[in-house]
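Visitor: Good morning. I am new to this structure and would like to be taken through it.
Guide: Certainly; please have it in view as we talk.

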Amino acid sequence: MKRLLLLSLALGLAAMTAACGKETATAPKETNVSVAKNTSVTTKETTETTASAKPADTAAGETGSTRTAVNLMAGPYSDAKPAGQLPQNTTVQILERRGGWMRISGKGKTGWAKLFQVRTGTGPEAQKSGEGLAILRNIGETGRSGSQGIVATTGIRGLSAEDLKTAKPNPQAVAAMDSYRASDGTARQYAQSAGLKEKNIPFLSP
Amino acid sequence: MKITKLILLIGALALTAPWPASALKLDVEKLRDVGEKLKPLRQPSEGDEITLGKDVAANLLGASPLVNDPALQSYVNKVGQWIAMHTDRPNLPWHFGVMDTDSVNAFATPGGYVFITRGMLLRMHDESELAGVLAHEISHVVAKHALNTMRKDKLTGMLSEKLGDYAQSRGKPEYAKLVSAGTEIYARGLDKADEFAADRMGVVLAARAGYDPYGLPAVLQTLASINPKDDAVSLMFKTHPDSEKRLELVTNAMEGRLDKYANQPKVTDRFSNIIKSHISIYKPAKTNN
């Protein structure tokens, strides 16, 4: 449910950015997406990525697009049987992730693709907003969504190369870091409480 | 032996290059001086490494302060310390910090000061992603990537050679120059090969610590899906190889060797609760700049 809300927010943002003069690739249609309790915005989306078309029970409930032409596989491994091909820039639904693989569905075909073959996010406009949590953060900060609750893509409170070159030391902050340190015992206990179990694994060769 | 080779090399260059006749007169003494300067630099002691790393960390925190949320900072230290315990350098004085900036980035200074930005943390979905990014940075420290980059740099290399024990050199102007030049490498970035190596090592560290090792690839996929024109990623993208390439290389290296650990915990609930309570109390820190 929360994911759906975030998704709606992302779509709302995409629409606002689109409304600022950028056209989406395919013919847009008008829909109303409820963004938050008291807010709703008119949004433009591509016909392939309407919110209603997304199954709510998918693992990630998200869409993506293929970076390159993809040879889909029937299973999440390289020597699995082929399961059809998708051209570059196909909008796909991400159904499941397993290791370095994603099960995706698009143009009537479903199969496994490698992570790097799929761009996540609903499209070039939504990508500007970052991920759901970034939007959540702004709601948290401003207490509401809408135009003022949307993540700005320029003029952020950022850290630039110039900031690093002109930085003056902040020894108080370094001292504060000492107080946050965790002992080995604390770290071990915290890991165990989350069910993490140590493994002996050799490093990977290049 | 090396000096002889050098003399021969410079001699050969001098003979082939179209230089004025006066430049062809080789001064053996001068060449010997050059040879001295080119000898391998002194390897700083672990104490030097920690001193320098702490002072570079002070500069990084001058550029971007810590998030004022002790619970969040302690959380990141517990996760980071647990990963660091699975390296070859578990006894370094590891420190972890979340920087209060919207930029998406992570840094590590020599000796074990590891930073992740709030902008990056808020784009993550679970603790295995945090563990993966911290493990990548921890790998840079363990393999001394930043330290060696500083030593290879002409200015910092020379300065570090001139100085004795760093802790005792702290008042000297040469040391101050070393620290500020050392900070600048974070504006330029490390070798691409170092980044790929830290990805390969990081996923193993995460798996050793019991996490799903695909946390780091998941973050790389998030990064690869952010519009490169977004201000939040400008420094990160300038200083790192293409995220898509990193994702491809690291997942290819993992295939058949780490897939079997993909069912280890991602630790989603704990991460999500920490982030939610952080968001509820967050107030932006005052910046120095």
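**A conversation about chains A and B**

Guide: Between chain B and chain A about 7,100 Å² of area is buried, and carbon and sulfur atoms give 60% of it. Please keep in mind that this is a predicted model.

Visitor: How many residues does each chain bring to the contact?
Guide: Chain B contributes 95 residues and chain A contributes 69 residues.

Visitor: Which three residues of chain B supply more of its buried area than any other three?
Guide: They are B:Trp82, B:Arg208 and B:Gln221, which supply 9% of the area that chain B buries against chain A.

Visitor: What about B:Gln221, then: where is it found?
Guide: B:Gln221 belongs to helix α12 of chain B, residues 215–224.

Visitor: Is B:Gln221 buried or exposed?
Guide: B:Gln221 counts as buried because its relative accessibility is 1%, and the cut-off for buried is under 20%.

Visitor: What does its side chain reach?
Guide: The side chain of B:Gln221 reaches the backbone oxygen of A:Leu115 at 2.6 Å. Beyond its neighbours within four places in sequence, B:Gln221 is in contact with A:Arg97, A:Met102, A:Leu115, A:Val118, A:Thr120 and B:Leu247.

Visitor: How many salt bridges are there between the two chains?
Guide: The count between chain B and chain A is 3 salt bridges. In one salt bridge, the side chains of A:Arg67 and B:Glu244 meet at 3.6 Å, N to O.

Visitor: And how many residue pairs are in polar contact?
Guide: There are 26 such pairs between chain B and chain A, counting pairs with both residues at pLDDT 80 or more. By class, the side of chain B that touches chain A has 51 nonpolar, 25 polar and 19 charged residues.

Visitor: Let us turn to the interior. How many residues has the largest nonpolar core?
Guide: That core has 77 residues, and B:Ile116, B:Leu130 and B:Tyr211 have the most contacts inside it. Its largest share, 8 residues, comes from helix α6 of chain B, residues 127–142.

Visitor: Why would nonpolar side chains be buried together?
Guide: In soluble globular proteins, that is a general tendency of nonpolar side chains.

Visitor: What is B:Leu130 in contact with, apart from its neighbours in sequence?
Guide: Setting aside residues within four places, B:Leu130 is in contact with B:Tyr75, B:Val76, B:Val79, B:Ile116, B:Leu121, B:Met124 and B:Phe271. There is also a second, separate core of 34 residues, which includes A:Ala173, A:Tyr180, B:Leu159 and B:Val179.

Visitor: Where does B:Phe96 lie?
Guide: B:Phe96 lies in strand β1 of chain B, residues 95–99. B:Phe96 counts as buried because its relative accessibility is 0%. Not counting residues up to four places away in sequence, B:Phe96 touches A:Met177 from the other chain, and from chain B the residues touched include B:Gln73, B:Val76, B:Leu134 and B:Ile138.

Visitor: Why is helix α7 of chain B described as largely enclosed?
Guide: Because 6 of its 8 residues are buried, helix α7 (residues 145–152) is largely enclosed by the rest of the structure. The buried ones are B:His145, B:Ala146, B:Leu147, B:Thr149, B:Met150 and B:Arg151.

Visitor: And what covers them?
Guide: The cover includes α3 (46–63), β2 (106–109), α6, α8 (154–162), α10 (173–188) and α11 (192–208) of chain B.

Visitor: Now chain A. How many helices and strands has it?
Guide: Chain A has 6 helices and 9 strands. Of its 206 residues, 44% count as buried.

Visitor: Where is A:Leu86 placed?
Guide: A:Leu86 is in strand β5 of chain A, residues 82–86. With a relative accessible area of 1%, A:Leu86 is buried. Leaving aside neighbours within four places in sequence, its contacts include A:Thr66, A:Val70, A:Val92 and A:Ile104.

Visitor: One last residue: what does the side chain of A:Asp163 reach?
Guide: The side chain of A:Asp163 reaches the backbone nitrogen of A:Ser160 at 2.9 Å. A:Asp163 is in helix α4 of chain A, residues 161–165, and is buried, with a relative accessible area of 16%. A:Asp163 and A:Met73 are 90 residues apart in sequence, and their C-alpha atoms are 47 Å apart in space.

Conventions
Residues numbered from 1 in each chain as written. Chains lettered and ligands numbered in written order. Predicted model: local features only at pLDDT ≥ 70, side-chain atom pairs only at ≥ 80, totals over all residues. Heavy atoms only, no water. Core = buried A, V, L, I, M, F, W, Y, C linked by side-chain atoms within 4.5 Å. Buried < 20%, exposed > 50% of the residue type's maximum accessible area, 1.4 Å probe, protein only. Helix = DSSP H or I, 4+ residues; strand = E, 2+ residues; numbered from the N terminus. Contact = heavy atoms within 4.5 Å. Buried area = accessible area lost by both parts, 1.4 Å probe. Salt bridge = Lys/Arg side-chain N within 4 Å of Asp/Glu carboxyl O. Polar contact = N/O pair within 3.5 Å; in protein donor to acceptor, adjacent residues only side chain to side chain. Nonpolar A, V, L, I, M, F, W, Y, C, P; charged D, E, K, R; others polar.
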